[in-house]
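Me: I am new to this structure, and I would like to go through it slowly, one question at a time.

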Amino acid sequence: MLPWVHWLQPILVLLSSVFWTWGENCPATCLCPDPHTVDCSGRGLTRLPEEIPLDVRRLLLADNWIPRIPSDFLVLYSDLVYLDLRNNSLSYIEPGTLSTSSRLVFLDLGSNNLTEIPKGTFGESRSLIKLRLGNNPYLSMVSEDAFLGLTSLRELELERNALSTLKVGALSQLPSLRVVRLEGNPWVCNCNFTNLFEWLTENRHKLPNVEGMECSLPMDGRRVSLTQLSKDSFRECQATLTLTDLLIIIFSGISVSVVAIMTSFFLASTVHCFQRWSKGTKGDEEESEE
């Protein structure tokens, strides 16, 4: 036997034990191409697989029928950096479900049945860099604070959803944002769209497909490209008062009126007292002279 075979044998034994353990830890219905990747894509799963290795870093669950993620699912997977749940049946993500993944960098929730993204959905996943939420045909509401705390997020995909409006605060509070996709949504160019339009105009360099963005005119429903609009298109909105504005004006008017009445009453009372005091003083002087 050649000399180098002697020192090679322990290495071969160690490698064989590693590959054996690696194969044992892989879920039965999935593939594990490397020790830190679990690929369960396209397996017809209706729930999350069991016995996922605790040290998994890349978890691929795309193209299944998974309807929900347990709120405590990610608690044990502290090393997870890549999670692909694209093309499943997810309709809702419980707030806080994803906040426990402190190292999560990539998250794909596209092509599901999500209807809203409420505040706290992602917690404060400060390491998240890319978030895909596109192609959710029922997604019509995104909270203004939905992405609060995602300080490292660079790419946000919200294309081809059912969004007709979006609070500009949802985007302006992302300091690291470089790319945002919003095309393919049924945007409505009314006064509620004004602030978002101004933000899109100022951040056009972040929109890879601004030519594909269209919105419906409120008068006739005709769809026009955002590139055909300008700030003058929303000029009438500058003079439009919201219900809140009207209530403030009414309340302010009432408050001013009440203050004016009280002031007038106080002044009248003061004048009246002064007049009575003056008359009393004159009477005393006349009696003294007599």
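The questions and replies below go through salt bridges, backbone angles and a pocket.

Me: Before we start, what kind of model is this?
Reply: Side-chain values use heavy atoms, with hydrogens and water left out, and residues are numbered from 1 along each chain as its sequence is written. Local features need pLDDT of at least 70, side-chain atom pairs count only at pLDDT 80 or more, totals for chains, interfaces and linings use all residues, and the model is predicted.

Me: Which residue forms a salt bridge with D108?
Reply: A salt bridge here is a side-chain nitrogen of Lys or Arg within 4 Å of a carboxyl oxygen of Asp or Glu, and a search of the whole structure finds 11 of them. In one of these, the closest N and O atoms are 3.4 Å apart, and the partner of D108 is R132. The pair links distant parts of the chain, with D108 in strand 5 (residues 106-108) and, 24 residues apart from it, in strand 7, R132.

Me: Is D108 buried or exposed?
Reply: Buried means under 20% relative accessible area, exposed over 50%, and partly exposed in between, with a 1.4 Å probe and protein chains only. Its partner R132 has a relative accessible area of 25% and is partly exposed. D108 has a relative accessibility of 2%, so this residue counts as buried.

Me: Which residue meets K130 in a salt bridge?
Reply: K130 lies in strand 7 and its partner in strand 9 (residues 155-157), so the pair ties together parts that are 25 residues apart in sequence. The N to O distance is 3.3 Å, and the side chain that meets K130 is that of E155.

Me: What is the phi of E51, and where is this residue found?
Reply: Most residues other than glycine have a negative phi. E51 is found in the loop between strand 2 and strand 3, strands being DSSP runs (E, at least two residues) numbered from the N terminus. At 67% relative accessibility E51 counts as exposed, and although it is not a glycine, its phi is positive, at about 60°.

Me: How many residues of the lining of the second largest pocket are charged?
Reply: C189, F234 and E236 are among the residues that line this pocket. Asp, Glu, Lys and Arg count as charged; Ala, Val, Leu, Ile, Met, Phe, Trp, Tyr, Cys and Pro as nonpolar; and the others, Gly among them, as polar. The lining divides into 8 nonpolar and 2 polar residues, and the number of charged ones is 1.

Key:
On a 1 Å grid over the protein atoms alone, a cavity is a set of points where a 1.4 Å probe fits but cannot get out, and a pocket is an open set with protein on both sides within 12 Å along at least five of seven lines; lining residues have an atom within 4 Å of a point. Helices (H or I, at least four residues) and strands (E, at least two) are DSSP runs, numbered from the N terminus.
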